[in-house]
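Please open the model in your viewer and keep the selection panel at hand; the stops below say what to select next and what is there.

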Amino acid sequence: MNQSSDNALNTSDRHLQRRHRKASLFSSFCALITFMGVALLALLLYQVCVDGIKWLDIQFLTSFPSRFPARAGILSALVGTLWLISLIALIAIPIGVATALYLEEFSKKNRLNRLIELNISNLAGVPSIVYGIIGLALFVRGLNLERSLISGALTMSLLILPVIIIASREAIKTVPMSIRHAAFALGATRWQTAWAHVLPASFPGILTGVILALSRAIGETAPLIMIGGLTYVAFLPDGPMDSFTAMPIQIYNWVARPQHEFHQLAASAIIVLLAVLLIMNAAAIVIRHKTER
Amino acid sequence: MNNIAKTTLDAKPQFSPIKKLSRLALIGSAATAILLANNLFANTAYANEELKGTVALDGSSTVFPISEAVAEEFLAVQPRVRVTVGVSGTGGGFKKFLAGETDINDASRPIKAKEIKVATEKNVAFIELPVAFDGLSVIVNKNNTWVDYMSVAELKKLWQPGSTVKTWRDIRPSWPDQEIRLYGPGTDSGTFDYFTETINGKSGASRPDYTASEDDNALVQGISGDVNALGYFGFAYYAANKDKLKLVPINGGNGPVSPSAITINNGSYAPLSRPIFIYLRNSALDREEVRVFAQFYINNAAKLATEVGYIPLPGDVYQRALKRISDRETGTAYSGDQTSRATNLLTP
C-alpha cells in the first residue's frame, strides 16, 4: 500500500519534472530565436559599418553624387529624403489620425463603415510598387504635378496611411471608457471629449504608429522610381514642386555599379539612412515621455 | 568643389525667413566664388556664357554613369543649369522622352521600330548620337580550365530558344560532361535585347532556363561561385571583377578575339561590341542650354566614358555626331529592328 502510493508520488514527481524541463526547453528555444534575430541584425550592421565607414565623413554628407568615389556625396539625396519625410508627415498624420478618430469615436457601426475598415486593412498589405503606379497615373499625370517632391510625398502618404490608421485606432481603443463617460457626465460634447481627452490619452500609441509608418516611407524605393524620382541631382530642391532624389534611390544606384568603391559608398549611405531613422525614433521616444507625464 | 560643399552644408531646408536670407547670401557668395574659380580655370568656351534652365535626361542604367559624369562636369562650367539624370531603363526612358517629359534619352540600344512609330504619331523628331562602346563579355568561372574560346555559332547553339544544350560536352565534344549553368540579364535590359539580336538573330529570342538578374553584380557573384557557370554582361562589370572571372574570347569569323579597350574600339571584337547612345529631342535644341549641354556631352564623351569603364568611339564618329547636332540631322541610322551592328555607326 505504502509502496504503491510512494510509486504514484514518484510518477507525478517525474511528470512534474518533465513538464518543467519542457517549459525551460521552450523558453530557451524562444530566447535562442530572439537572439538569432538580434545576431543577424548585428552581423548586418557590422558588415555595413566595415564597408561604409571608410567614406563616411563631412565631405560625404555635403557633396553631390560624383563619378569619383572620393568626391561623391549624399547631400541631394539626404535633403530630398528630409523634404519627403516632412511633407509625408504633414499630409499623412492629420488624415490618418482624423480617420482613426472618426472610425473609433464618431462613426456608427454600419455596413458602410465595416466596408471601409476592411478596405483599410487590405490596403496595408498592397505591394508598394502598386502605390507607385497609382501615384504615376493620379498625381504625376492626372493632377499634372509632374515628377516633383509633392508627387512623391502624396504617393508615399497613400502607402503609409493604412499603417497610421490601424495603429491610431488601436491606440484610441486602449483609452478607458470611463474617461469618455466622465467627460460626457460633465456635459462635454462628443467632439470635446474626443479632442481634449481621447486624443491626448492615446497620443503615445499614435506616435509609435506614426514613427513606424514614417520609417517604412523613408526606406521605400520602388514607388519613388516609378513616379520618376531621379538618380543624379546636383541641386537642392527649393520647394515641393522641384524634382528630387532620395537616399534609397542613391543607394540602389551605387549598389548596381560595377566598381567596388561604389558598393562601399552605398554602405556609407546606408549608415546615414540608419542614423536618420534612429534620430527620428529617438525624437519620438522623447516626445512620448514628455506627453505621458 | 570645396565651395559647393560648404554652401550645401548650410543649405538644409529651413523655413524661417531670416535663415532663408542668410542661406541665400551664402549661396550667393559661393556662386560668386565658383564663378571666380571658373574664370580662373576656364578651359572651354562655354564658361563665358552664363546659361540658365534645366536639361532632363532619363533612360538606360548602362549609359547612366556617362551621363552622370557629363552632368557633373557640366555643373562646373554652367553652374546655373540644372541637369537631372533618371534611370528608367532604355524602354521606359523612351516612353518619357516621346511624351515630351525629358529632353535627352540614354539608350543602350538603337530606337525600336515601334518607338519610331510613336515618335511619328506624336510628331517628335529626334537626333541620334552615339556616345561610346560597350563590349558585351561572355564570362566563365575562374577555375574553368577547358573553355579557350567560343564561336558565334556555339553561342547560338547554347542560347537560342529551344536549345538542347545541357552539358559542356553538348557544345564541343572535347569539353567535360558536366551540367552547364547559365546566367544573364533579365528581359527588360538593353543588354539582353542586343545579345539575343546579335547571337540568336531576333531581339528577345533566348532560351528561358537561365538565372536572370537585372543586377549585374548578382551575375558576377553567381558566376564567380560556380565552376560550371557561363554568363554575359557589360565589359565594365568584368573590368571591375577581373580577379574573380575569366573572359571568353569570341570567334566572329576572324579568329578568337578577347574584348579589351583596343579590340572594342577598333571593331575587331565583333559582333558583341555595341554602341550606346543618347537621343536628343529636336525641339529641345531650341533651348540654348540643351544645345550647349549636348555639344559638351559629345566633346567630353570619349574622356568621361573611359573614366567610368566604357570604350570611346573612333574620333571621327564624335565629329559626325557634333555635325548632326549643328545640322539638326534627325532620324536613326538603324532602320527599326534591323541588326544593330556597330558598323552602322561608321557609315553616316
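## From a strand in chain B to the contact with chain A

In β12(B), B:L280 is the bridge partner of B:I104, and selecting these two residues is a way into the pairing of β12(B) (residues 273–281) with β3(B), which is antiparallel over 4 bridges. Strands here are DSSP runs of E of at least two residues, helices are runs of H or I of at least four residues, both numbered from the N terminus, and two strands pair if DSSP finds at least two bridges between them. This is a predicted model, in which local features need pLDDT of at least 70 and side-chain atom pairs count only at pLDDT 80 or more, while totals for chains, interfaces and linings use all residues. Residues are numbered from 1 along each chain as its sequence is written, and chains are lettered from A and ligands numbered from 1 in the order in which they are written.

Next, select β3(B), residues 104–107: B:I104 and B:D106 point one way, B:N105 and B:A107 the other way, and all are buried (20 or more other C-beta atoms within 10 Å of the residue's own, with C-beta atoms placed from the backbone). Add β1(B), residues 53–59, which pairs with β3(B) in the parallel sense over 3 bridges; there B:D106 is the bridge partner of B:G59.

Now show both chains: 26 residues of chain A are in contact with 30 residues of chain B, contact being C-beta atoms, placed from the backbone, within 7 Å. On the chain A side, α3(A) gives the most, with 4 residues. Finally, select β1(A) and β2(B) (residues 81–85), which pair in the antiparallel sense over 2 bridges, with B:T84 as the bridge partner of A:V233.

Terms used. A residue is buried if 20 or more other C-beta atoms lie within 10 Å of its own, exposed if 12 or fewer, and partly exposed in between; C-beta atoms are placed from the backbone. Two residues are in contact if their C-beta atoms, placed from the backbone, lie within 7 Å.
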